[in-house]
Amino acid sequence: MTLEEIRSKLPYTKPFLFVDGLTRVDENGVEGFYTFNKNAEFYKGHFKDNPITPGVLLTECMAQIGVVCLGIFLLGNATDQTKIALSNQHIDFLKAVMPGEKVQVVSEKVYFRFGKLKCKVRMLNEANETVALGEISGMIV
C-alpha cells in the first residue's frame, strides 16, 4: 500500500482532514505532516487578537497521522466500512502552534492487538522542536 493510498482511505475530508502527506510508514510507526491554514475560521476566536492552534486540533492531527494512518496500513484491507474511534489519549502540550505553521507527526507503535492500536506520538514544529507528545489509542473495527 502506497503512502497516498493510505491517505486516500482516511475517513475525513476538509475542513477536518489534518494530513497533508506521509513520509514514512512501516509496521512500527508512521511519519507525516500538516500545515495549519492561517485563514482557518477557528483562529478568529482562539484567541482574540492572539491566534494559536487549539490543542484539540493538535491532538486530532496527531491521532489522524499517528494512529489512523498507521492503523489503515496495519490492516492492509481497510474499506469505507472500517470504523475507527479514539479510545484514549494523554497529550502534553509544550509549545504553541501558530497560524500557517507546518508540523510533523512521528508515531511509534506500542501495540496492535484485538483491534486496539496504541502509539507514542509526538509533534514537531519547523524548527524541529517538540510542541506536543503523549500516547493515543484507537479502536479499529
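In this predicted model, Pro-99 is in contact with Phe-36, Lys-38, Tyr-43 and Pro-51, leaving aside its neighbours within four places in sequence. Pro-99 has its place in the loop between β3 (84-93) and β4. With a relative accessibility of 27%, Pro-99 counts as partly exposed, because it falls between the 20% and 50% limits of that class. A look back along the chain gives a sense of scale: Gln-89 is 10 residues away from Pro-99 in sequence, yet the two C-alpha atoms are 24 Å apart in space.

Two of the residues that Pro-99 meets, Phe-36 and Tyr-43, also turn up around Thr-53. Thr-53 is found in the loop between β2 (29-35) and α2 (55-75). Its relative accessible area is 4%, and Thr-53 is therefore buried, the limit being under 20%. Not counting residues up to four places away in sequence, Thr-53 touches Phe-36, Phe-42, Tyr-43, His-46, Leu-58, Val-97 and Met-98. Two of these neighbours are also polar partners of the Thr-53 side chain. The side chain of Tyr-43 makes a polar contact with that of Thr-53 at 2.6 Å, while the backbone oxygen of Val-97 is reached by the Thr-53 side chain at 2.8 Å.

Phe-36 leads on to the interior of the model. The largest nonpolar core has 35 residues, and Phe-36, Cys-61, Met-62 and Met-123 are those with the most contacts inside it. At least two residues of this core are supplied by each of β1 (21-26), β2, α2, β4 (102-113), β5 (116-124) and β6 (130-140). The largest share, 11 residues, comes from α2. Cys-61 gives a good view of how these elements come together: beyond its neighbours up to four places away in sequence, Cys-61 touches Phe-18, Tyr-34, Phe-36, Val-103, Val-105 and Met-123. Not every residue of α2 is buried, however. Leu-75 is found in helix α2 and is partly exposed, with a relative accessible area of 30%. Leu-75 and Asn-39 are 36 residues apart in sequence, and their C-alpha atoms are 35 Å apart in space.

The strands that contribute to the core are also joined to one another. β2 and β4 pair in the antiparallel sense over 7 bridges, and in this pairing Tyr-34 stands opposite Val-103 in β4. Both Tyr-34 and Val-103 are among the residues touched by Cys-61. On to the next pairing, β4 and β5 run antiparallel and are joined by 9 bridges, with Gln-104 opposite Leu-124 in β5. These two strands form a hairpin with 2 residues between them, and Phe-114 in the turn has a positive phi of about 50 degrees.

Aromatic side chains add a further layer to the picture. A search of the whole structure finds 5 aromatic pairs. One of them joins Phe-16 and Phe-18 edge-to-face, with 5.2 Å from centre to centre and 75 degrees between the planes. The partners differ in their surroundings: Phe-16 is partly exposed, with a relative accessible area of 41%, whereas Phe-18 is buried at 3%. Phe-18 also forms an edge-to-face pair with Tyr-34, in which the centres are 5.3 Å apart and the planes stand at 75 degrees. This second pair links distant parts of the chain, since Phe-18 lies in the loop between α1 (3-8) and β1 and Tyr-34 in strand β2, 16 residues apart. Tyr-34 counts as buried, at 6% relative accessibility. Together, Phe-16, Phe-18, Tyr-34 and Phe-36 form one aromatic cluster. Three members of that cluster, Phe-18, Tyr-34 and Phe-36, are touched by Cys-61.

Charged side chains meet aromatic rings as well. The charged end of Lys-102 sits over the ring of Phe-33, 4.5 Å from its centre. In a similar arrangement, the charged end of Arg-113 sits over the ring of Tyr-111, at 3.9 Å from the ring centre.

Note on methods. Residues numbered from 1 in each chain as written. Predicted model: local features only at pLDDT ≥ 70, side-chain atom pairs only at ≥ 80, totals over all residues. Heavy atoms only, no water. Helix = DSSP H or I, 4+ residues; strand = E, 2+ residues; numbered from the N terminus. Buried < 20%, exposed > 50% of the residue type's maximum accessible area, 1.4 Å probe, protein only. Polar contact = N/O pair within 3.5 Å; in protein donor to acceptor, adjacent residues only side chain to side chain. Contact = heavy atoms within 4.5 Å. Core = buried A, V, L, I, M, F, W, Y, C linked by side-chain atoms within 4.5 Å. Pairing = 2+ DSSP bridges. Phe/Tyr/Trp six-rings, centres within 6.5 Å; stacked < 30°, edge-to-face > 60°. Lys NZ or Arg CZ within 6 Å of the ring centre and 35° of its normal.
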